[in-house]
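Colleague: Please walk me through the packing in this model. I want the reason behind each term.

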Amino acid sequence: MKTLKQLLADKLRPLAVVAPGDTVFHALYVMSEHDVGAVLVLDGERLVGIFSERDYARRVVLQGRVSRDTAVREVMSDRVAYVTHAATVEECMALMTEKRFRHLPILNEDGSVAGVVSIGDMVKETISSQQFLMKEMERYIAG
């Protein structure tokens, strides 16, 4: 199975990020442009939160806020779980399943953001790894 570092290397698109003072409307625009369900919220280089479609639905729409008038800092999730490159795909999936979120930032040792993985990335890698193992088993049995 690939390491998180290898998974990030395979993801060629740039990170979707916003600043805490950006509007929710801008965050939604960035999410749309990157075709992702969440953006990282950075204060300079420091991760301070994450803003997701779930945050939008629960903290903006259901509370009657206006996305053009609401700052991301007001509605983002500011208690962000994260992992380092040392984490395995299995550990990431377990954390994401237990805590019930779909996006997980990966931080470098210095605390800077290395990237983000989604539950979709984790499932895709798990399936790919299982398919590889099945082919190897078939080859072994046939050999």
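**Helix packing and the sheet**

Modeller: Start with two helices. Val 89, Cys 92, Met 93 and Met 96 in H5 meet Ile 119, Met 122, Val 123, Glu 125 and Thr 126 in H6. Contact means heavy atoms within 4.5 Å. The model is predicted: local features need pLDDT of at least 70, side-chain atom pairs pLDDT 80 or more, while totals for chains, interfaces and linings use all residues. Residues are numbered from 1 along each chain as its sequence is written, and side-chain values use heavy atoms, without hydrogens or water.

Colleague: Why are H5 and H6 called oblique to each other?

Modeller: The axes of H5 (residues 89-99) and H6 (residues 119-142) come within 10 Å and cross at roughly 135°. Angles under 35 degrees count as roughly parallel, over 145 as roughly antiparallel, 65 to 115 as roughly perpendicular and the rest as oblique. H5 and H6 are therefore oblique.

Colleague: What is the handedness of the crossing where H5 passes H6?

Modeller: Left-handed. That term applies if the near helix is turned anticlockwise from the far one by less than a right angle.

Colleague: Now the sheet. What makes S1 and S3 edge strands?

Modeller: The open sheet has three strands in the order S1-S2-S3, with mixed pairing. S1 (17-18) and S3 (46-52) each have a single partner strand, so one side of each lacks a neighbour in the sheet.

Colleague: How do you know that S1 and S2 pair?

Modeller: Pairing takes at least two bridges found by DSSP. S1 and S2 (residues 38-43) have two, in the parallel sense. So they pair. Val 17 has Leu 40 in S2 as its bridge partner.

Definitions and conventions: Axes fitted to C-alpha atoms, helices over the stretch in contact; angles between N-to-C directions. Helix = DSSP H or I, 4+ residues; strand = E, 2+ residues; numbered from the N terminus.
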